[in-house]
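Here are my notes on the model you shared, set out as numbered points. I hope they are handy while you have the coordinates open.

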Amino acid sequence: MTTPIYLLALGDSFSRLQPQLQEYFSLTPGSGHFGVGEGVFDVVGCPQPWLRPLLRLTSGEQAFFPEYGERIPFRIENHAHLDPFGRPSLTARREIFFPGTTRLFSDTTSFENTGSRRGLVDYVGRYRRLATDLNLSVTDDGRLRGVSEASRLFLGPLRIPLPQAFDAKAYAEQWWEPQENGQGRHRIQVKVIQPQLGLVLVYAGHFDYRLEPYPGGTTVPGHLPGHARPDRWEHRV
């Protein structure tokens with residue numbers, strides 16, 4: 001599979017993305033390269049102080065975390081690969097450098113094309129226990145927008161769909177921001193809103209992005225470095 005998963009999901013709309021976004025989302029399994037972004041979040045974390053102690057209980061999942069801050073540096077790695085079940089996927093590993101601690105936030109987005117389902121499924125956290133469907137669109141000015149749809153939890157053999165009244169939705173937007181010097185940078189904004197609790201997670205900021213070769217020049221489509229692998233894979237949708 002040599003087609004980027006975002007091109008598979010967006011189809012003809014992919015060409016309407018800003019050129020810099022098309023480049024960003026064009027990683028393919030077996031290309032021999034991975035993406036590295038480094039930048040600063042203008043704001044990141046849980047904005048509600050009363051909720052942070054609860055999120056501390058789940059911080060080991062590498063999905064939600066109790067910290068909140070402004071002007072926080074971060075680093076992201078993007079790895080395109082085939083997952084163990086043969087699906088074209090993109091694994092993202094984010095390091096967020098809060099004062100005194102570093103938080104990890106990881107997920108794998110896979111393109112599912114079996115039976116009646118065709119589209120992107122996002123598996124969140126180090127154990128990939130939470131899965132959501134992603135609904136993508138391109139704005140008139142070429143930005144990428146994504147909204148998470150139905151979510152479900154995988155607890156052992158159990159697959160638990162989350163009722164709409166309790167399901168948190170993520171709203172994401174990414175775009176290229178030109179600068180006066182003729183250069184530019186990537187910008188991203190994500191909000192996670194739960195109907196009963198309100199805004200539970202936000203991150204927004206800018207970053208520079210580059211491609212780097214894998215050590216040894218590997219082009220194996222299933223290659224994913226050990227530090228980016230989840231503790232558990234999930235094939236259920």
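1. Which strand gives the most to the lining of the second largest pocket? In this predicted model, that is strand 11, with 5 residues. Helix 2 (19-24) and strand 10 (184-194) also appear, each supplying at least two lining residues, as does strand 11 (198-213).

2. A little more on that pocket. Its volume is about 160 Å³. The lining includes Q20, E23 and Y24, along with W176, G184, R185 and H186, and then F207, D208, Y209, R210 and L211. By character, the lining residues split into 5 nonpolar, 3 polar and 4 charged. If you plan to look at the pocket by residue type, that is the breakdown to start from.

3. Now to the charged pairs. The whole structure holds 23 salt bridges, and some of them join up: E38, R75, E77, R210 and E212 are linked in a network. R210 will be familiar from the pocket, as one of the lining residues.

4. One pair to look at is E112 with R87, whose closest N and O atoms are 3.0 Å apart. E112 sits in strand 4 (residues 101-114) and R87 in the loop between strand 2 (68-82) and strand 3 (88-98), so this bridge ties together parts that are 25 residues apart in sequence. Are the two partners buried or exposed? E112 is buried at 8% relative accessibility, and R87 is buried too, at 10%.

5. D133 and R152 make another salt bridge, at 2.8 Å from N to O. Because D133 belongs to strand 6 (residues 130-138) and R152 to strand 7 (residues 144-155), the pair connects parts 19 residues apart in sequence. D133 has a relative accessibility of 17% and so counts as buried; R152 is buried as well, with 3%.

6. The bridge between R145 and E173 has its closest N and O atoms 2.4 Å apart. R145 lies in strand 7 and E173 in strand 9 (residues 169-178), so here the parts tied together are 28 residues apart in sequence. How exposed is each end of this pair? R145 is partly exposed, at 43% relative accessibility, whereas E173 is buried, at 15%.

7. Next, please have a look at S106, which is found in strand 4. S106 is buried, with a relative accessible area of 5%. Which side chain does the side chain of S106 meet in a polar contact? The partner is the side chain of R128, at 3.4 Å. Leaving aside neighbours within four places in sequence, S106 is in contact with Q62, A92, R93, R94, V124, G125, R126 and R128.

8. Two of those contacts of S106, Q62 and R128, deserve a note on backbone geometry. Q62 is not a glycine, yet its phi is positive, near 60°. Q62 falls in the loop between helix 3 (52-56) and strand 2, and its relative accessible area of 18% makes Q62 buried. R128 likewise has a positive phi, about 50°, although it is not a glycine. R128 lies in the loop between strand 5 (117-124) and strand 6, and is buried, with a relative accessible area of 1%.

Note on methods
Residues are numbered from 1 along each chain as its sequence is written. This is a predicted model: local features need pLDDT of at least 70, side-chain atom pairs count only at pLDDT 80 or more; totals for chains, interfaces and linings use all residues. Side-chain values use heavy atoms; hydrogens and water are left out. On a 1 Å grid over the protein atoms alone, a cavity is a set of points where a 1.4 Å probe fits but cannot get out, and a pocket is an open set with protein on both sides within 12 Å along at least five of seven lines; lining residues have an atom within 4 Å of a point. Grid points are joined across faces, edges and corners, and a volume is the space filled by probe spheres set on the points. Helices (H or I, at least four residues) and strands (E, at least two) are DSSP runs, numbered from the N terminus. Ala, Val, Leu, Ile, Met, Phe, Trp, Tyr, Cys and Pro count as nonpolar, Asp, Glu, Lys and Arg as charged, and the others, Gly among them, as polar. A salt bridge is a side-chain nitrogen of Lys or Arg within 4 Å of a carboxyl oxygen of Asp or Glu. Buried means under 20% relative accessible area, exposed over 50%, partly exposed in between (1.4 Å probe, protein chains only). A polar contact is a pair of N or O atoms within 3.5 Å; within protein, one must be able to donate a hydrogen and the other to accept it, and residues adjacent in sequence count only if both atoms are side-chain atoms. Contact means heavy atoms within 4.5 Å.
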